[in-house]
Amino acid sequence: MSQPDTEYDMRSPSLGESADTKGFLLGVMAMVLAALAMSISPSLVRLADVGPFASAFWRVFLALPILWIWMRYAEVAEPNAPRASFTIPTILAGIAFTGDLFFWHLSIMRTTIANATFFATMAPLWVVIFGWLLLRQRVSRATLLGLLVCLAGGTALVVQSLAFNPDRAVGDALAIITGAFFGLYFLAVGAARPGTNAARVTFELSIITSAILFLIAFFFEPRILPQSISGWCMLLALGLISHAGGQGLLSVALGRLPTVFSSLVIFLESIAAALFAWFLFGENVTLLQALGGIVIVAGIWIARPRTP
């Protein structure tokens with residue numbers, strides 16, 4: 001995935017033509033919906049009656065039939081579109097997503113949902129760091145400013161629980177690691193998209209992820225199967241909403257938007273996750289947290305691609 005040392009053009013794709021404008025708006029819409037779909041996942045993981053590795057496996061595995069149907073439909077609709085299969089970026093995306101879910105589901109069980117989501121959605125910071133280290137990509141000043149504003153808003157969301165707490169320290173650290181893997185996932189999917197469609201990328205990386213997670217769950221979980229109907233419902237919702245919906249829409253967006261900007265939009269996940277945690281588990285949303293959400297939206301606006 002290496003490329004020459006060039007400034008990362010946040011104005012791409014060009015908004016000069018109406019078709020490009022439409023594509024950009026569709027990409028933003030897909031990214032926002034992806035963030036909302038993934039924001040419910042921490043609550044669903046807590047409500048599932050299996051361990052974190054088993055829920056991670058079922059989350060991906062149960063989505064495979066839907067993703068396969070989507071892939072077949074997309075390729076019938078566009079028979080001449082590129083469809084490179086199991087490319088190196090797709091394989092790396094599957095491995096990165098495995099790491100993401102491995103640490104993400106563990107962190108959800110060991111810290112607050114707001115903390116876990118905030119640290120996990122620091123992926124934009126890792127996208128910038130890894131993008132520069134691995135791909136020699138640079139970002140514009142507006143993008144860096146938008147990132148800093150989003151980080152400030154995200155900090156406001158969790159400021160009340162950021163004080164050191166030994167009971168949550170491990171969970172917070174696991175969530176930070178999650179964010180690093182999520183950043184690598186963004187870069188890998190972004191690199192995979194030019195060679196094939198979003199549906200195939202999402203389906204193939206999900207095969208890789210589910211295979212690895214099955215082995216992890218088999219060896220480290222006392223049981224893999226949920227013991228209740230409600231447990232199955234939580235896992236099905238995880239698979240259909242958070243994975244098929246969230247990751248699928250994310251792949252769509254990464255084919256239309258710059259990678260760094262896409263990763264900033266995912267900060268919206270932390271806002272929605274805090275609201276779900278408030279509604280389902282009584283993790284109150286304060287005025288400061290509400291202001292933090294507004295600041296996040298402002299940061300995304302600052303970092304938006306400019307018209308040339």
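This passage describes the fold, the helix packing and several individual residues of a predicted model.

The secondary structure of the protein consists of 14 helices and two strands. Of its 308 residues, 55% are buried. Among contacts with a sequence separation of 6 or more, 91% join residues that lie 24 or more positions apart. The accessible surface amounts to about 13,400 Å², and carbon and sulfur atoms contribute 71% of that area.

Helix α3 offers a good starting point for a look at the interior. Spanning residues 52-61, α3 has nine of its 10 residues buried, so this helix is largely enclosed by the rest of the structure. The buried positions are P52, F53, A54, S55, A56, F57, W58, R59 and V60. Around them are packed α2 (41-47), α4 (64-77), α5 (88-108), α10 (198-220) and α11 (229-254).

The packing of α3 with one of these partners, α10, can be followed in detail. Two packed helices are described by the angle between their axes and the distance between the axes. For α3 and α10, the axes come within 8 Å and the crossing angle is roughly 155°. Because angles over 145 degrees count as roughly antiparallel, α3 and α10 are therefore described as roughly antiparallel to each other. Their crossing is left-handed. On the α3 side, the contact is formed by F53, A54, A56, F57, V60 and F61, while α10 supplies S206, T209, S210, L213, F214, I216, A217 and F220. Sorted by class, the residues of this contact of α3 with α10 comprise 11 nonpolar, three polar and no charged.

The loop that follows α10 also reaches back to this region. I224 sits in the loop between α10 and α11, and its relative accessibility of 17% is the reason it counts as buried, the cut-off being under 20%. Leaving out residues up to four places away in sequence, I224 touches V50, A54, F57, W58, F214, A217 and F218. Among these partners, A54, F57 and W58 belong to the buried set of α3. I224 and P52 are separated by 172 residues in sequence, yet their C-alpha atoms are 9.9 Å apart in space.

Helix α4, another of the partners of α3, packs in turn against α11. The axes of α4 and α11 come within 9 Å, crossing at roughly 35°, and the crossing is right-handed. Here I66, L67 and W70 of α4 meet L240, H243, A244, G248 and V252 of α11. This contact of α4 with α11 divides into six nonpolar residues, two polar and no charged.

A further pair is made up of helix α6 (residues 113-120) and helix α9 (residues 166-192), which pack at an angle of about 30° with their axes 7 Å apart. Since angles under 35 degrees count as roughly parallel, α6 and α9 are therefore roughly parallel to each other. The crossing of α6 and α9 is right-handed. From α6, the residues N115, A116, F119 and A120 take part; from α9, they are met by R168, D172, A175, I176, T178, G179 and F182. By class, the contact of α6 with α9 holds six nonpolar, three polar and two charged residues.

Three other positions complete the description. S39 is found in helix α1 (residues 18-39) and is buried, with a relative accessible area of 1%. Apart from neighbours within four places in sequence, S39 is in contact with E269, A272, A273 and F276.

A290 lies in helix α14 (residues 287-302), where a relative accessible area of 39% makes this residue partly exposed. The C-alpha atoms of A290 and A274 are separated by 9.8 Å, and the two residues are 16 residues apart along the chain.

The last position, F86, is notable for its backbone. Most residues other than glycine have a negative phi. In F86, however, phi is near 45°, a positive value in a residue other than glycine. F86 lies in the loop between α4 and α5, and its relative accessible area of 37% places F86 in the partly exposed class.

Technical notes. Residues numbered from 1 in each chain as written. Predicted model: local features only at pLDDT ≥ 70, side-chain atom pairs only at ≥ 80, totals over all residues. Heavy atoms only, no water. Helix = DSSP H or I, 4+ residues; strand = E, 2+ residues; numbered from the N terminus. Buried < 20%, exposed > 50% of the residue type's maximum accessible area, 1.4 Å probe, protein only. Contact = heavy atoms within 4.5 Å. Areas by Shrake-Rupley, 256 points an atom, 1.4 Å probe, with all protein chains shown as cover. Axes fitted to C-alpha atoms, helices over the stretch in contact; angles between N-to-C directions. Parallel < 35°, antiparallel > 145°, perpendicular 65-115°, else oblique. Left-handed = near helix turned anticlockwise from the far one by under 90°. Nonpolar A, V, L, I, M, F, W, Y, C, P; charged D, E, K, R; others polar.
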